[in-house]
Amino acid sequence: MDHLPVWLALTGRSVLIVGGRSAATAKLRLAHDAGATVTVVAPTLSDEGTRLAGVTHMAREFAAGDVAGRLLVFGATGIDAVDRAVSAAARAAGVPVNIVDRPELSDFLMPAIVDRGPVVVGIATGGTVPALAAHVRGLIEAALPQGLDRLASFAASFRSAVKATVAAGPVRLRFWNRVLNGPVAEAALAGNDVRARELMLQALNRAEGGREGEGSVTLVGAGPGNADLLTLRAVRAIRAADVLVYDRLIGPEVLDYARRDAERVFVGKQTARHALPQEEINALLAARARAGQRVVRLKGGDPFVFGRGGEEVEYLQRAGVAVEVVPGVTAALGCAAAAGIPLTHREVAMSVTFVTGHASEGAVEPDWADLARANHTLVVYMGVANAGRIAAELIRHGLAATTPVAVIENGTLPGQRVVGGTLVGLEELVERHQIASPALLVIGEVARGAAVAAADVRQAAAG
Ligand SMILES: C[S@@+](CC[C@H](N)C(=O)[O-])C[C@H]1O[C@@H](n2cnc3c(N)ncnc32)[C@H](O)[C@@H]1O
């Protein structure tokens, strides 16, 4: 590190800017927003500069005496002789100076800034490549949640209450860590102040009663497999987890977001071993939370779409364990986008239904007549094993045998396959291509593109 990052209090302090071009206006805007009393020395001032309240414009060339009494001086004329003169005058007067794009004439560098209200991140790259700072800023912008300013003011409003309730030192640090990485922070970030306050008061009450170590469970939708489809909120929850409970559809790249010390518990099917029964998963989640851990239950797609998330939430609520849900991109949406199949489309598909093709024992039979509608898209989850029966029922209830179908296997993942055909040939299509789970069936006019592409491939192969 060859520069010291400091955050200067500028309110009411005098800052001089020499120059009127766009680089000078950028510095003028920053100094003005930070509360400085700004003087600009330049023959002309930009329109933006003239609109800013409290800016003094001296419409003339720079004179060495202009630097007297300033807290900071910026030079941004782009004229070598003038910039050098500004630098020399400021240095002679002992006033820190920054000359835009001239590190050798500057005492301090201006960082790229990410501004989220009271939270400000400055990025310096030692004056190397300015584009690098902008690139890093983009990465940080994406990682920092929107609404961080709300979270900061929320936390500030509880600062004294926490001080009065939670013992100083590591206990208080742990308390804030939990607050900032859990449901309280999520509510505050989302602007749900009432809920955030309610949860914060509960956390304070627990701390007062010596029960601050209670954990929580977050059901996180991990999307259809490709880690790029995780939401920012999902990534935050995964990073904060002490333990991750996951099954087969969760890829290693998703788990890579977890802390190194986070425990990973696999509860899916392995060749030699069946998946853990749902009741045991429920009990495991509750036990870990009661032991004080922040548990993340990772679910493929969205937890509330064919994910048994509802059962887990009900169980945990009955058990008195704090639980929240982070939605995910459900397989239908992720796979359709990856396969280029719009689920609704002007004139050919006015509605879409997600249905499970896996008939569990004693389950109610789907309303085939309702599903066999024209101008409709049907997305069948877990339908590969029953593809023949599903097609037969839809045809029996009036859907044209020639209706296009697409089968998407491993959607969004590197091994994705999309095959197309018609409803009457669905079973044969699945068998011929040896489609394996996970796969989705898309039935309806919108799948015509996939069907045509498949026919073209067959023709090319035959020819
Ligand atoms: C138990 S359901 C879970 C659905 C999940 N909760 C969701 O919202 O996507 C599992 C089924 O989702 C579908 N599925 C999930 N990921 C998929 C993928 N990457 N490609 C194709 N189908 C997928 C398959 O039909 C699979 O059998």
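By class, the shell around the ligand is made up of 13 nonpolar, nine polar and two charged residues, and I should say at once that this is a predicted model, so please take each value I give as one computed from that model. Of the 24 residues around the ligand, the ones that come nearest are Gly-301, Gly-307, Ala-331, Gly-411 and Pro-438, and the elements that give two or more residues to this shell are helix H14, residues 331-339, and strand E17, residues 439-443.

Let me place that shell within the chain, which is divided into domain 1 (14-110), domain 2 (156-211), domain 3 (214-329) and domain 4 (332-458). The shell around the ligand takes at least three residues from each of domain 3 and domain 4. As for domain 1, its C-alpha centre and that of domain 4 lie 65 Å apart.

I come back now to Pro-438, one of the residues that come nearest to the ligand, which is joined to Ser-437 by a cis peptide bond with omega of about 0 degrees. Pro-438 has its place in the loop between helix H17, residues 426-432, and E17. A second backbone feature is found at Asn-375, which is not a glycine and yet has a positive phi of about 55 degrees, and which lies in the loop between helix H15 (368-371) and strand E14 (376-381). For context, most residues other than glycine have a negative phi, and most peptide bonds are trans.

Finally, a helix pair: how do helix H12, residues 278-290, and helix H13, residues 309-318, pack? Their axes are 10 Å apart and the angle is about 45 degrees, and H12 and H13 are therefore oblique to each other, with H12 passing H13 in a right-handed crossing. On the H12 side the residues in this contact are Gln-278, Asn-282, Leu-285 and Ala-286, and in H13 they meet Glu-311, Glu-312, Tyr-315 and Leu-316. Sorted by class, the contact of H12 with H13 has four nonpolar, two polar and two charged residues.

Conventions. Residues are numbered from 1 along each chain as its sequence is written. This is a predicted model: local features need pLDDT of at least 70, side-chain atom pairs count only at pLDDT 80 or more; totals for chains, interfaces and linings use all residues. Axes are lines fitted to C-alpha atoms, for helices over the stretch in contact, and angles run from 0 to 180 degrees between N-to-C directions. Helices (H or I, at least four residues) and strands (E, at least two) are DSSP runs, numbered from the N terminus. Angles under 35 degrees count as roughly parallel, over 145 as roughly antiparallel, 65 to 115 as roughly perpendicular and the rest as oblique. A crossing is left-handed if the near helix is turned anticlockwise from the far one by less than a right angle, and right-handed if clockwise. Two residues are in contact if their C-beta atoms, placed from the backbone, lie within 7 Å. Ala, Val, Leu, Ile, Met, Phe, Trp, Tyr, Cys and Pro count as nonpolar, Asp, Glu, Lys and Arg as charged, and the others, Gly among them, as polar. A residue is near a molecule or strand if its C-beta atom, placed from the backbone, lies within 6 Å of it. Domain bounds come from an automatic or database domain assignment.
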